[in-house]
Amino acid sequence: MSCRGQDSVGEEVVKPYTPTTLDSDIGYFELVIKMYPQGRMSHHFREMREGDYLAVKGPKGRFKYQPNQVRAFGMIAGGTGITPMFQVTRAILENPDDKTKIHLIYANVTYEDILLKEEIDNLAIIFPNQFNVHYVLNQPPEGWEGGIGFISKEMIQSHCPPPSPDVQILRCGPPPMNKAMAAHLNDLGYTAQMQFQF
């Protein structure tokens, strides 16, 4: 959906956000908002108080999920790109008739940048045979046991299902990451039909 607000100089800002709630969550929606010091929409959210109204438009989007539409999803997310992955993951795991397997690779700069970590880890604990996650950090803390650096072809091979007509790889992240992941996936043999970019 799109949210509309005003930046620090009073100019209108419209920015897309993916709710983390599902269509079955009636009467409300939740957004994960990462606040940036110089972010134009971040300014609007910082100024908001409980009870204020937010102009929104939607829903919108090109991805329509149907239960069991594929055997498995590989998901490659960077930063705030986790929100559509989290929404699809919830839709799958909260439907007992949906047997889709989910393999998530989630990259961030630092540990503190990982959004929804507690919720993601809880889903991995509750659904160990259906959902697994591999975190990747560019600047990991000492003792970090996850991936280090940028997502590589080797990480995709190790943590995502191999190319197959009943597999789809979803990706969402900053433009340079999306471009690099598309190249990796193409090199690994994932066809255009096996890939979707939010």
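The following paragraphs describe the two largest pockets of this predicted model. Residues are numbered from 1 along each chain as its sequence is written. Local features need pLDDT of at least 70 and side-chain atom pairs pLDDT 80 or more, while totals for linings use all residues.

A pocket is an open set of points, on a 1 Å grid over the protein atoms alone, where a 1.4 Å probe fits and protein lies on both sides within 12 Å along at least five of seven lines; lining residues have an atom within 4 Å of a point. The largest pocket has a volume (the space filled by probe spheres set on the points, which are joined across faces, edges and corners) of about 1500 Å³. Its lining comprises 50 residues, and Tyr17, Thr18, Pro19, Lys60 and Gln87 lie nearest its centre.

Because domain 1 (2-57) and domain 2 (72-197) both give residues to this lining, the largest pocket lies between them; the domain bounds come from an automatic or database domain assignment. Among the helices (DSSP runs of H or I, at least four residues) and strands (E, at least two), numbered from the N terminus, β2 (12-16), α1 (40-47), β3 (55-57) and α2 (82-93) each supply at least two lining residues. Helix α2 gives the most, with 6 residues.

The second largest pocket has a volume of about 370 Å³. It is lined by 19 residues, and Gly79, Ala107, Asn108, Val109 and Pro174 are the closest to its centre. Two or more lining residues come from each of β5 (101-108) and α5 (175-187), and α5 gives the most, with 4 residues.

Key:
Heavy atoms only, no water.
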